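Student: Could you take me through one part of this model in detail? I'd like to look at the pocket, and then at what surrounds it.

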Amino acid sequence: MEKLNIIERIPVILPERDIFFRLKFNIHKTEVDDEQRKKILSVINSGFSACEPRGVWLRDDIESNSGTSVVFGSGVEFKSKSVCDLLSGSHAAVFMGVTVGPAVIDLASSAVNIGDGASAVIFDAVGSETAEAAIEWLNRYIAQQIKRRGEILTSMRFSAGYGDFLLENQRHFFELLKLEDLGIKLTDRYIFIPEKTVTAVAGIKI
């Protein structure tokens, strides 16, 4: 297992199209007049300004992959056929995580408290899509770093909570990536707080 790599500021570009898509707007079908769009964009920009994308990643060797369980040099074990399939042929893996911080969630909560449900939904969408944009950026960044060593990062990554990769595996990401140092907490139900935090694993091949 190599040293932890921390990126204090991920240069995310406002994912405007993805935010509108999450809000169920179809640019070809949904009719939004200029005034409505201006108001929505104002809320989106306020939410995006509150986001502080940060990231962390860690390389770990793969000790064994049985097809149903994969064990890493750190001692972590994932019992997931989906992850085993992803890491098939990989000699190492990358654990990665990003967060956009608590401020955008605070904005959503404040909007709910004053009865502005529409803005709360927009803030939530901004947080989610900014976190997704941040993990995409980090994934590409790691791929570039790996390439310098003559290796390839798998085109896919997998996050806990999807398929047979149980949510309880979040505790491994929490511990390995020392997410507490980024101000992140993990609940008894394996939910990250702030909730706009994303983790994933990807494989490294030659």
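Tutor: Here is a walk through the pocket, followed by a strand residue, a helix and a loop.

Keep in mind that this is a predicted model. The largest pocket comes out at about 460 Å³ in volume. Its lining is made up of 19 residues, and the ones closest to the centre are Glu132, Tyr162, Glu195, Thr197 and Val198. By character, the lining splits into 9 nonpolar, 5 polar and 5 charged residues. Which elements supply at least two residues each to that lining? They are helix H5, running over 117–147, and strand E9, covering 197–205. H5 gives the most, with 4 residues.

Let's stay with E9 for a moment, as Thr199 is found in that strand. Is Thr199 buried or exposed? Its relative accessibility is just 3%, so Thr199 counts as buried, the cut-off for that label being under 20%. Leaving aside residues up to four places away in sequence, Thr199 touches Met96, Gly97, Ser159, Gln170, Phe173, Leu179 and Phe192. With Gln170 there is also a polar contact, side chain to side chain, at 2.8 Å.

Now back to H5, this time from the side of a helix that packs on it. Helix H4 spans residues 103–113, and Val104, Ile105, Ala108 and Ala111 are buried there. Look down the axis of H4 and those buried residues fall within an arc of 120°, so they line one face of the helix. What do they pack against? Their partners are helix H2 (34–50) and H5. So H5 turns up twice, because it packs with the buried face of H4 and also contributes to the pocket lining. Just after H4, have a look at Gly115, which takes a positive phi of about 80°.

For a contrast with Thr199, try another threonine, Thr68. Thr68 sits in the loop that links strand E2 (54–65) to strand E3 (70–72). With a relative accessible area of 53%, Thr68 is exposed, since that label starts over 50%. Even so, Thr68 has company: not counting residues up to four places away in sequence, it touches Phe78, Lys79, Ser80, Lys81 and Cys84. The side chain of Thr68 also makes a polar contact with the side chain of Ser66, at 3.3 Å. As for how Thr68 relates to Gly203, the two are 135 residues apart along the chain, and their C-alpha atoms are separated by 16 Å.

Definitions and conventions:
Residues numbered from 1 in each chain as written. Predicted model: local features only at pLDDT ≥ 70, side-chain atom pairs only at ≥ 80, totals over all residues. Heavy atoms only, no water. 1 Å grid on protein atoms, 1.4 Å probe; cavity = no way out; pocket = protein on both sides within 12 Å on 5 of 7 lines; lining within 4 Å. Points joined across faces, edges and corners; volume = space filled by probe spheres on them. Nonpolar A, V, L, I, M, F, W, Y, C, P; charged D, E, K, R; others polar. Buried < 20%, exposed > 50% of the residue type's maximum accessible area, 1.4 Å probe, protein only. Contact = heavy atoms within 4.5 Å. Polar contact = N/O pair within 3.5 Å; in protein donor to acceptor, adjacent residues only side chain to side chain. Arc of directions from axis to C-beta.
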